[in-house]
Each structure stands twice: as structure tokens, then as C-alpha cells.
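Some labels in structural biology rest on a simple cut-off. Here is a set of questions that puts each label to the test.

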Amino acid sequence: MGTIVKPLQHIKLRNEHIDGLKKTLFWLLFDAILQNKLNYKQCRKYDDIALKIIQTYQPGSSGSFQLGPETVKLITEDIKSIFGISCGDEPIHLGYGNKSISSFLTRRSIQTERLSSITIIDLLQKALKGKKKEDTEDVIRMLCMFTCLKLFFSISGTTVGWVILNYMKAVNSMRKFK
């Protein structure tokens with residue numbers, strides 16, 4: 001989470017960026033960061049804390065966690081709240097996808113095999129300087145891709161698959177996915 005907080009607190013977003021981010025599934029998280037409700041030092045990943053939480057999982061008791069004397073079963077809404085996600089009901093299919101030509105890839109002159117966090121941040125910095133509607137939407141796309149990468153794939157590597165980009169083509173409909 002800290003890897004999302006720090007960059008977002010250090011970029012200058014315009015009103016049109018904020019308005020666009022409100023339409024994304026990550027708005028609750030983005031808003032908390034932009035309002036300085038999340039402290040970077042408290043959001044850093046600590047393996048020992050994550051391990052302790054995972055160790056409280058009780059698979060035999062319907063997939064619940066033992067938190068002190070209480071047995072707590074997390075439902076989908078709880079997970080959404082933990083990650084600051086507000087989303088719809090359409091599932092995302094994360095199978096491997098090929099890099100298909102899109103206006104985003106062409107506009108940003110992306111030639112890399114995969115999108116790394118470094119590439120996304122570099123493209124984000126360039127798009128932040130643009131004033132066109134496409135630049136604003138690209139800022140939103142890249143912030144969402146970066147967030148997906150750091151929030152959901154933080155252990156598996158430093159790149160995000162092209163399949164994620166398919167769900168971010170239409171900025172106004174990103175929130176419909178779960």
C-alpha cells in the first residue's frame with residue numbers, strides 16, 4: 001500500500017484528473033490518500049504482520065479468521081472495504097493476453113513487452129503535462145494500472161499484464177468490474 005501512497009501524494013493532479021478518478025473502482029482509496037488519511041509509514045508492507053494475519057486463517061471453519069476470541073468470516077464487501085474498492089458485478093478474467101494495438105499504446109508510444117511500474121510512472125509523468133482529454137484519461141488509466149500492479153500483484157513481480165489494460169480502455173466504465 002505504501003508504494004501507492006507515496007507516488008500519489010507527490011504528483012500534482014488537476015480537477016479533471018480528480019473528477020475522472022471518482023469514476024474508478026479505486027476512488028475510495030485514492031480519496032483517502034489525497035485527503036492524507038493514509039500515512040505512508042503505516043502503509044508499508046511488513047512480512048511478519050502479513051504472516052500473522054494469514055496464520056489466523058481457519059480453513060475448516062468456513063474460511064474465517066481467528067481474531068482474538070472472535071471468529072470472523074470476511075465477505076466480499078469486507079475485502080472491498082479493506083482495499084478501498086468500490087466496484088460493480090462484472091467479473092475480470094485475468095488470463096494471459098497479447099499486447100494488442102490500441103490508441104493508448106499508439107498515443108504513448110509504448111514499445112515494451114510488458115508494463116513495469118517504472119514505465120507506468122514515467123508515462124504518467126508525461127501524461128500529467130498534457131492538457132487534452134486523452135491525456136487526462138491516460139493519467140487515470142495509468143494510476144489505476146499502477147494501483148492494480150502494486151495492490152494485487154505486489155508479490156508476483158514488477159509488471160502488469162496487457163489483459164489489465166483491456167479493462168481500462170473506457171475510463172467511464174471501469175467501476176463496473178469486480
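Q: Why is Asn36 called exposed?
A: In this predicted model, Asn36 has a relative accessible area of 59%. Exposed means over 50%. The value passes the cut-off, so Asn36 is exposed.

Q: Where does Asn36 lie, and what is notable about its phi?
A: Asn36 sits in the loop between helix H3 (27–34) and helix H4 (40–43). Its phi is near 55°, a positive value in a residue other than glycine. Most residues other than glycine have a negative phi.

Q: What makes Ser109 count as exposed?
A: The relative accessibility of Ser109 is 53%. The cut-off is over 50%, so Ser109 counts as exposed. Ser109 is in the loop between helix H7 (103–107) and strand S4 (115–116). Its phi is also positive, near 50°.

Q: Why are H1 and H9 called roughly antiparallel?
A: The axes of helix H1 (residues 2–10) and helix H9 (residues 133–152) cross at roughly 155°. Angles over 145 degrees count as roughly antiparallel. The two helices therefore earn that label. Their axes come within 9 Å.

Q: Which residues make the contact between H1 and H9?
A: From H1 come Thr3, Ile4, Pro7 and Leu8. From H9 come Leu143, Phe146, Thr147, Lys150 and Leu151.

Q: How do you know that Arg141 and Asp138 form a salt bridge?
A: Their N and O atoms are 2.8 Å apart. The rule asks for a side-chain nitrogen of Lys or Arg within 4 Å of a carboxyl oxygen of Asp or Glu. The pair meets the rule, so the side chains of Arg141 and Asp138 form a salt bridge. Both residues lie in helix H9, three residues apart, about one turn of the helix.

Q: Are Arg141 and Asp138 buried or exposed?
A: Buried means under 20% relative accessible area. Arg141 has 6%, so Arg141 is buried. Asp138 has 0%, so Asp138 is buried too. Salt bridges that share partners join these two with Arg107, Arg108, Lys133, Asp135 and Glu137 into one network.

Q: What makes Asp122 and Lys126 a salt bridge?
A: The closest N and O atoms are 3.4 Å apart. The limit is 4 Å, so the pair counts. Asp122 and Lys126 both lie in helix H8 (residues 117–128), four residues apart. Asp122 is partly exposed, at 39%.

Q: Why is Glu16 called partly exposed?
A: Glu16 has 34% relative accessibility. Partly exposed runs between the 20% and 50% cut-offs, so the label fits Glu16. The side chain of Glu16 meets that of Arg14 in a salt bridge, at 2.7 Å from N to O.

Q: How many salt bridges are there by this rule?
A: The count comes to eight.

Q: What makes Leu74 eligible for a surface patch?
A: A patch residue needs over 30% relative accessible area and no salt bridge. Leu74 has 31%, so Leu74 passes the area cut-off. Leu74, Ile79 and Ile82 form a nonpolar patch with about 240 Å² of accessible area together. Leu74 lies in the loop between strand S3 (70–73) and helix H6 (76–83).

Q: Why is Thr159 called partly exposed?
A: Its relative accessible area is 26%. That falls between 20% and 50%, so Thr159 is partly exposed. Thr159 is in strand S5 (residues 159–160).

Note on methods: Residues are numbered from 1 along each chain as its sequence is written. This is a predicted model: local features need pLDDT of at least 70, side-chain atom pairs count only at pLDDT 80 or more; totals for chains, interfaces and linings use all residues. Side-chain values use heavy atoms; hydrogens and water are left out. Patches are made of residues with over 30% relative accessible area and no salt bridge: like charges are joined within 9 Å, nonpolar side chains (Val, Leu, Ile, Met, Phe, Trp, Tyr) within 5 Å. Accessible areas come from the Shrake-Rupley method with a 1.4 Å probe; for residues, only the protein chains shown count as cover. Buried means under 20% relative accessible area, exposed over 50%, partly exposed in between (1.4 Å probe, protein chains only). Axes are lines fitted to C-alpha atoms, for helices over the stretch in contact, and angles run from 0 to 180 degrees between N-to-C directions. Angles under 35 degrees count as roughly parallel, over 145 as roughly antiparallel, 65 to 115 as roughly perpendicular and the rest as oblique. Contact means heavy atoms within 4.5 Å.
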